Amino acid sequence: MKSLLLIIIATIVFFINGDAQPNYKKTADSLYKAKSYGAAADNYKLAASIDEVKKQKAGNLYNASCSYSLYGKKDSAIAYLKKAINNGFDDKKNLMADTDFDFLRKDSLRWKQLLSLVKDPSTANRIPAKAIFHTEDIKLFWAAYDKAMADTANMQRIFKAEYFEKGSAGMNDYMALKVRNTKAFIKHIKERPKFYAAIRANTYKVDKYKKDFYASFKKFKSIYEPAVFPDVYFVMGAFTSAGTVSPKGLLLGINQMVKTNDIPTDELTLWQKNNFAELYKLKYTVAHELIHAHQDGLKQDTTTLYNCIREGMADFIGELISGKNSNGRLHTWAKGKEQKIWNRFVPDMYLDKYENWIANSDQETPDNPSDQGYWIGYQICKAYYDKATDKRKALFDILHIQDYKKFLEDSGWEETLKNYSNK
C-alpha cells in the first residue's frame with residue numbers, strides 16, 4: 001500500500017467539493033497509519049462501496065486487502081485483492097514490491113495465482129515516433145454533454161453511462177486521481193455553461209500539435225537514451241489539473257489548455273483564469289508530464305524540497321525538450337523577487353509543508369500566485385545543469401536524486417541567488 005499512497009501524493013491531487021458524505025477513505029488512511037488494520041479494512045470497503053470511478057474503487061479494495069493482510073486475515077486479503085483486480089487494478093510492479101503482502105507471500109501457491117491474474121505491463125515503447133496520442137475521450141465527452149444538456153434532470157446518469165463508463169483506461173485513471181466523483185464533475189460543468197459552450201471547437205484541435213509532441217519526444221531521446229514514450233490521453237476533466245501520469249501513460253486535462261481570445265472566462269475562479277493555457281502551450285505541458293513518467297529513479301520523501309524539485313525538474317527538462325516550460329507566468333512574476341521567495345521557502349524546506357508551495361490554489365491572489373514551488377525546483381535543477389560540464393550526466397543525476405540536501409548544495413543555487421540580489 002505504501003507505494004500506492006506515494007503515487008497519489010506525488011500527483012498532487014486537486015479535489016473539488018462534491019455532495020457531503022462520510023469520508024471513509026480519510027478515516028481508513030488514519031486507521032491504517034494507527035495500525036488499526038481491521039477497522040481500516042472496514043472503512044476502505046465502505047469507501048469502495050460509494051466510489052463511482054472504477055479506478056478509485058480498485059484502489060480502495062486494494063487497500064482493504066493490504067489491511068487484511070497486515071491483520072492476518074488471509075482469506076479476506078485474497079478475496080479483496082481479487083475484487084481489486086476485477087475492478088481494474090493492474091499495477092503489478094507495486095503489488096510485487098508491496099511489503100503489506102508479506103503475510104500472503106507465505107502461501108506461495110495462492111500468491112502466484114493472484115499474481116497471474118494481473119496483466120503483465122506492456123513492453124515500454126522506446127521509439128518516439130511510435131507514441132500514441134488518444135483523443136477518443138474528447139468525443140465521448142461531447143456526445144454525453146449534448147445528451148445531458150437536452151435532459152438536465154438525468155445529467156448525472158447520462159455522464160456516468162456515456163462518459164465515465166465508456167471512457168479509456170487513461171481517462172479512468174485521470175478521474176480517479178484528479179476528480180472525486182461524478183457529482184463533483186457535473187457540478188463543475190453545470191456552473192460554467194458559457195465556458196463549455198465556447199470551448200468545443202478548440203478541444204478538437206489536439207492533432208494539430210502532434211508534430212510538436214513528437215519533436216519534444218525525439219529531443220528527449222537524443223539527450224536521455226533510456227527514455228520511453230507512454231501513451232498520451234487527452235481527457236475532459238473538471239479543471240482540477242492540466243496533467244498527471246499513471247501506469248497507463250500521460251493524462252492531460254484538455255479543457256484546461258484550449259484558451260483563445262473568444263473564450264469567456266468570467267465563470268472561472270481566479271486560479272482557473274490564471275491557469276487557463278493557450279492551445280499552443282499544450283506541447284509544454286505534454287513535455288512536463290513526459291518527465292514525470294521518468295522519475296522512478298528519484299528517492300521519495302515527504303519534504304517540501306523534494307516535492308518542489310520533483311515538479312520544477314519536470315518544468316526544467318520539459319523546457320529543454322520543448323522550448324519553454326509550462327509555468328512561464330511564475331517566472332515572469334518572480335523577476336526581482338528571487339531572494340524574497342527563497343527566504344520564505346527556507347523555513348519550510350525540510351518540513352512536510354509542500355501545501356504552501358504546490359497544489360495551493362486556495363492561496364492564489366492577484367499579487368501572489370500559487371504553485372511557486374515549481375519555480376523553486378526549476379531554479380535548483382537549472383543551476384545544477386548549468387554548472388555541469390557533462391550535460392548528459394547532469395540530466396541523469398537530476399532524474400536519479402537520492403539526497404536532496406546534497407543536490408541543493410551541489411547545484412550552487414544559493415550562490416547563484418546572490419547574483420539576483422546584487423542586481
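1. Let's start with Lys35, which sits in the loop between H2 and helix H3 (37-50). This is a predicted model, and in it Lys35 takes a positive phi of about 65° just after H2. That is a positive value in a residue other than glycine, so you may like to look at this spot on your screen. Lys35 counts as exposed because its relative accessibility is 63%, and the cut-off for exposed is over 50%.

2. The helix just before that residue deserves a look too. In H2 (residues 24-33), the buried residues are Ala28, Asp29 and Tyr32. Viewed down the axis of H2, they fall within an arc of 100°, so they line one face of the helix. Note that Asp29 is on this buried list, and Asp counts as charged.

3. A second positive phi turns up at Ala359, with a value of about 60°, although this residue is not a glycine. Where is Ala359 found? Its place is the loop between helix H19 (338-345) and helix H20 (372-387). With 23% relative accessibility, Ala359 counts as partly exposed, because buried would need a value under 20%.

4. Next comes helix H9 (residues 136-150). Its 15 residues reach 22 Å from the first C-alpha to the last, close to the 21 Å expected at 1.5 Å a residue. Which residues of H9 are buried? They are Asp137, Ile138, Phe141, Trp142, Ala144, Tyr145 and Ala148. These cover an arc of only 170° around the axis, and therefore sit on the same side of H9.

5. The two faces of H9 make a nice pair to compare in the viewer. Turned away from the buried side is a face that carries the exposed residues Lys139 and Ala150. As for the buried residues of H9, their cover includes four helices, namely H10 (155-164), H11 (169-178), H12 (182-190) and H13 (193-203), along with strand E2 (232-235).

6. Last, a helix pair. The axes of H14 (residues 210-223) and H17 (residues 304-322) come within 8 Å and cross at roughly 105°. The two helices are therefore roughly perpendicular to each other, a label that covers angles of 65 to 115 degrees. On the H14 side, the contact is made by Ser216, Lys219, Phe220 and Ile223, and on the H17 side by Ile317, Leu320, Ile321 and Ser322. Sorted by class, this contact has five nonpolar, two polar and one charged residues.

Conventions:
Residues are numbered from 1 along each chain as its sequence is written. This is a predicted model: local features need pLDDT of at least 70, side-chain atom pairs count only at pLDDT 80 or more; totals for chains, interfaces and linings use all residues. Side-chain values use heavy atoms; hydrogens and water are left out. Axes are lines fitted to C-alpha atoms, for helices over the stretch in contact, and angles run from 0 to 180 degrees between N-to-C directions. Angles under 35 degrees count as roughly parallel, over 145 as roughly antiparallel, 65 to 115 as roughly perpendicular and the rest as oblique. Contact means heavy atoms within 4.5 Å. The expected span of a helix is 1.5 Å times one less than its number of residues. Buried means under 20% relative accessible area, exposed over 50%, partly exposed in between (1.4 Å probe, protein chains only). The arc is that of the directions from the helix axis to the C-beta atoms.
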